[in-house]
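Me: I should like to go through the aromatic residues and the nonpolar interior of this protein. Could you take me through them?

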Amino acid sequence: MAHLNRRQLVLATTALAALPAFAQSAYPTRPVKFTVPFPAGGPVDVTARAMAQKLGELWGQSGIVDNRAGAGGIVGAEIAAKQPADGYNLFVCAIHHSVLPALKPGLSYDIEKDFVPVSFGAMFPIILVAHPSLPAKNVAELVALAKKEPGKIAFSSSGNGGGTHLAGELFNMQAGVQLQHIPYKGSAPAMTDLLGGQVQLMFADAPTALPQIRAGKVRALGVASAQRSALLPELPTIAESGVPGYEAYSWAGLVAPKGTPPDIVAKISADLQKVMTQPDVKQRLYDAGAEAMPTSPEKFAQMLRSEIAKWGKVVKTANIKMD
């Protein structure tokens, strides 16, 4: 048997080393489905459609958004968990999926064990807004007023166990106040009653709050995220306004069924970081009240664990029950 010379050996080794990269670059060869557990039109759906469209353009394949709403995000998660782990089935999860383990024990899926993280997608800032009749002009004044009148000041939310409800309960815990929670079936009716003065406050997602703030119909007291939002850079955070360490926000991220090949997960994550940082995508999400924040799978895994632990504590302390 003839021996390879040095040049032939180098060429052969290089060719072999390139095989995994070549195999990875072949993905995808057909459309990729993005299961979204909420109706079309909301911030999670808008994020999913931005992901699907831009990744589809990059890959030369269609990104198909499949809305499977129901039970606060449970229905979509159950469907996604049972899909083939081949890289052609992805699930757009949200803050709800970090709350549900504590809110509804005994789920048929486990968001950590039945899925692998791909990337964080976008953050939706939560803004604390007040009816103009409320005497408090800022967070510090609100805390002082709420301590004088425990249980008398009410805040609306989009529903029990949602991100905006949890933001309010976390505020109660960290500010040492007793704001009364009034749940609604969605952000729109919750904002309607705030505008009408039936409630005094709302922890509202940015898409719901911004139009009313800009129209001068509600007063923005603070943003719930750890840093000021690019959507309202002049608005101070709640943490810097008298409730140190306070942080709450809604979000959307991308996961895949457990068993999805690691090289495909890595490729999707890397490609998502490319497209989500493009100016047109950032602007599209900005217009929808969201901030693009793609990450590595490892960073998203850490974030998901942290969210599950944080909100599990809030659910237990506030004794929150799902509708």
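**Rings and cores**

Reply: To begin with a charge and a ring: in this predicted model, R30 is placed over the face of Y88, 3.8 Å from the ring centre.

Me: And how many aromatic pairs are there in the whole structure?

Reply: Searching the whole structure gives nine aromatic pairs. One of them joins Y27 and W59 edge-to-face, with 5.5 Å centre to centre and 65° between the planes.

Me: Which parts does that pair tie together?

Reply: Y27 belongs to the loop between α1 (6-25) and β1 (32-36), while W59 is in helix α2 (residues 43-59), so the pair connects parts 32 residues apart in sequence. Both Y27 and W59 are buried.

Me: What about F91 and F115?

Reply: Their ring centres are 5.4 Å apart and the planes are at 25°, so F91 and F115 count as stacked. F91 is in strand β3 (residues 89-94) and F115 in strand β4 (residues 115-130), so this pair ties together parts 24 residues apart in sequence.

Me: Are those two buried or exposed?

Reply: Both F91 and F115 are buried.

Me: Changing topic: which residues have the most contacts inside the largest nonpolar core?

Reply: They are F171, L201, F203 and Y246, in a core of 52 residues. Helix α11 (residues 297-318) supplies the largest share of this core, seven residues. A second, separate core has 32 residues, among them M51, A122, F124 and V281.

Me: Which residues do ring pairs link into a cluster?

Reply: The cluster consists of F155, F171, F203 and Y246. Leaving aside residues up to four places away in sequence, F203 touches residues including F155, F171, Y246, L128 and I238.

Technical notes:
Residues numbered from 1 in each chain as written. Predicted model: local features only at pLDDT ≥ 70, side-chain atom pairs only at ≥ 80, totals over all residues. Heavy atoms only, no water. Core = buried A, V, L, I, M, F, W, Y, C linked by side-chain atoms within 4.5 Å. Buried < 20%, exposed > 50% of the residue type's maximum accessible area, 1.4 Å probe, protein only. Helix = DSSP H or I, 4+ residues; strand = E, 2+ residues; numbered from the N terminus. Contact = heavy atoms within 4.5 Å. Phe/Tyr/Trp six-rings, centres within 6.5 Å; stacked < 30°, edge-to-face > 60°. Lys NZ or Arg CZ within 6 Å of the ring centre and 35° of its normal.
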